[in-house]
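Visitor: I am new to this structure. Could you walk me through it?

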There are 2 protein chains.
Amino acid sequence: MVGRRSLKADFCPSARSLDVIGDWWSLLIVRDAFDGLTRFGEFQKSLGIAKNILSDRLRTLVSRGILELVPAGTGAVRQEYRLTEMGRDLFPVMVALRQWGERHLFEADEQRSSLVERDTGLPVRLDIRTQDGRAIGPDETVILKVPEPE
Amino acid sequence: MVGRRSLKADFCPSARSLDVIGDWWSLLIVRDAFDGLTRFGEFQKSLGIAKNILSDRLRTLVSRGILELVPAGTGAVRQEYRLTEMGRDLFPVMVALRQWGERHLFEADEQRSSLVERDTGLPVRLDIRTQDGRAIGPDETVILKVPEPE
DNA sequence: TCGATTGGTTTCATAATAAAACCTATTACC
DNA sequence: GGTAATAGGTTTTATTATGAAACCAATCGA
């Protein structure tokens, strides 16, 4: 292998996103971070990931600006991994993945965790809309491409 | 390596989704499929992926029910890879990834492809709402967990 | 103060990936 | 109809990424 091709320069925003968080573990770490985990050992226990890999992924996520290391508590030596604003902005990605999984990867009666509004307990869903607020489906959209430089 | 840990049995729907489409190439293939690509060679050219890997990924995506092989045209021998309904349901995931990439991985003046409503040209966005239609943010949500069996 | 825990790094074996060569069945061309 | 090119792969081989386990320094708890 000559190294994974980078999509940094791709004009497609989805491709660039996948370049950053499209590896096997990163989004699972982010999911746990949304879930309130902050410590190395917590992630390790939750994911069952090898420590060297976790170490590498956390370092990368920090360097990409998705997580940040902050001192835990007042004047403590220990540090915590926390989502940055950029990391918290991945929330819709997590919700979309969750929604798809719920719909297609669970039996009807199978138990699952669920994402609900804190105050009401109502399930959360996700809508695709135009800027002016009308909900639309995939067939009503089109991708405007940037001309490829030759 | 003993093989990548499967998350098939995880109670978290996001984890199961990542188990299926969380590898490096699958979502890029799905993106291209949304973009209208159907042929082996088209995917290969678009992604610059090694043919053996593409072959493996297409086979897996078909076996998972995300793509299907359909005869191209009337009575032709050739076949095409097309998104199933399950595959098309990944649309919100793609939109969420796109939206995040646009926000965080492009310079303000940098050119990018964009997703718009076909009829109006209006940009598409994504909303998180409760079942009854109120838009909410990540901080107003909580994940209800399934008790882990010991 | 001493043992356990935390948060890693290093080492080593193995699996996944990529590149290139190769193969077979169509398809296009003359 | 014969021949070359194209499509759609598979096989082989080299390299990288991953995972498990051992190891280690610093901190924490008793």
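Guide: What follows takes up the two chains, their contact, one helix and two single residues. This is a predicted model, in which local features need pLDDT of at least 70, side-chain atom pairs count only at pLDDT 80 or more, and totals for chains, interfaces and linings use all residues. Residues are numbered from 1 along each chain as its sequence is written, while chains are lettered from A and ligands numbered from 1 in the order in which they are written.

Visitor: By what turn and shift can chain A be laid on chain B?

Guide: A turn of 180° and a shift of 0.0 Å along the axis lay chain A on chain B with an RMSD of 0.1 Å. That is the relation of a two-fold axis. Copies are superposed by least squares on the C-alpha atoms of residues with pLDDT of at least 70 in both.

Visitor: Which residue of chain A comes closest to the rotation axis?

Guide: That is Asp127(A), with its C-alpha at 2.5 Å. The same surface serves both copies, as 99% of the contact residues of chain A recur in chain B.

Visitor: How many residues does the contact take from each chain?

Guide: Chain A gives 70 residues and chain B gives 69 residues. Two residues are in contact if their C-beta atoms, placed from the backbone, lie within 7 Å.

Visitor: And which element supplies the largest share on the side of chain A?

Guide: H6(A) does, with 14 residues. Helices (H or I, at least four residues) and strands (E, at least two) are DSSP runs, numbered from the N terminus. By kind, the side of chain A that touches chain B has 35 nonpolar, 14 polar and 21 charged residues. Here Ala, Val, Leu, Ile, Met, Phe, Trp, Tyr, Cys and Pro count as nonpolar, Asp, Glu, Lys and Arg as charged, and the others, Gly among them, as polar.

Visitor: Which residues does Met94(A) touch?

Guide: Not counting residues up to four places away in sequence, Met94(A) touches Val30(A), Arg31(A), Phe34(A) and Ser14(B). Met94(A) is in helix H6 (residues 91–104) of chain A.

Visitor: Is Met94(A) buried or exposed?

Guide: Met94(A) is buried, because 25 other C-beta atoms lie within 10 Å. A residue is buried if 20 or more other C-beta atoms lie within 10 Å of its own, exposed if 12 or fewer, and partly exposed in between, with C-beta atoms placed from the backbone.

Visitor: What about Arg118(A), buried or exposed?

Guide: Arg118(A) is exposed, as it has 11 other C-beta atoms within 10 Å. Arg118(A) is in the loop between strand S3 (114–117) and strand S4 (124–130) of chain A. Leaving aside neighbours within four places in sequence, Arg118(A) is in contact with Glu140(B), Thr141(B) and Val142(B).

Visitor: What joins S3(A) to strand S5 of chain B?

Guide: 4 bridges join S3(A) to strand S5 (residues 141–144) of chain B, and the strands run antiparallel. Two strands pair if DSSP finds at least two bridges between them. Leu115(A) stands opposite Ile143(B) in S5(B).

Visitor: Changing topic, which residues of H4(B) are buried?

Guide: They are Arg57(B), Leu58(B) and Leu61(B). Seen down the axis of H4(B), the buried residues fall within an arc of 100°, so they line one face of the helix. The arc is that of the directions from the helix axis to the C-beta atoms.

Visitor: And on the other side of H4(B), which residues are exposed?

Guide: Asn52(B), Arg59(B) and Ser63(B) are exposed there.
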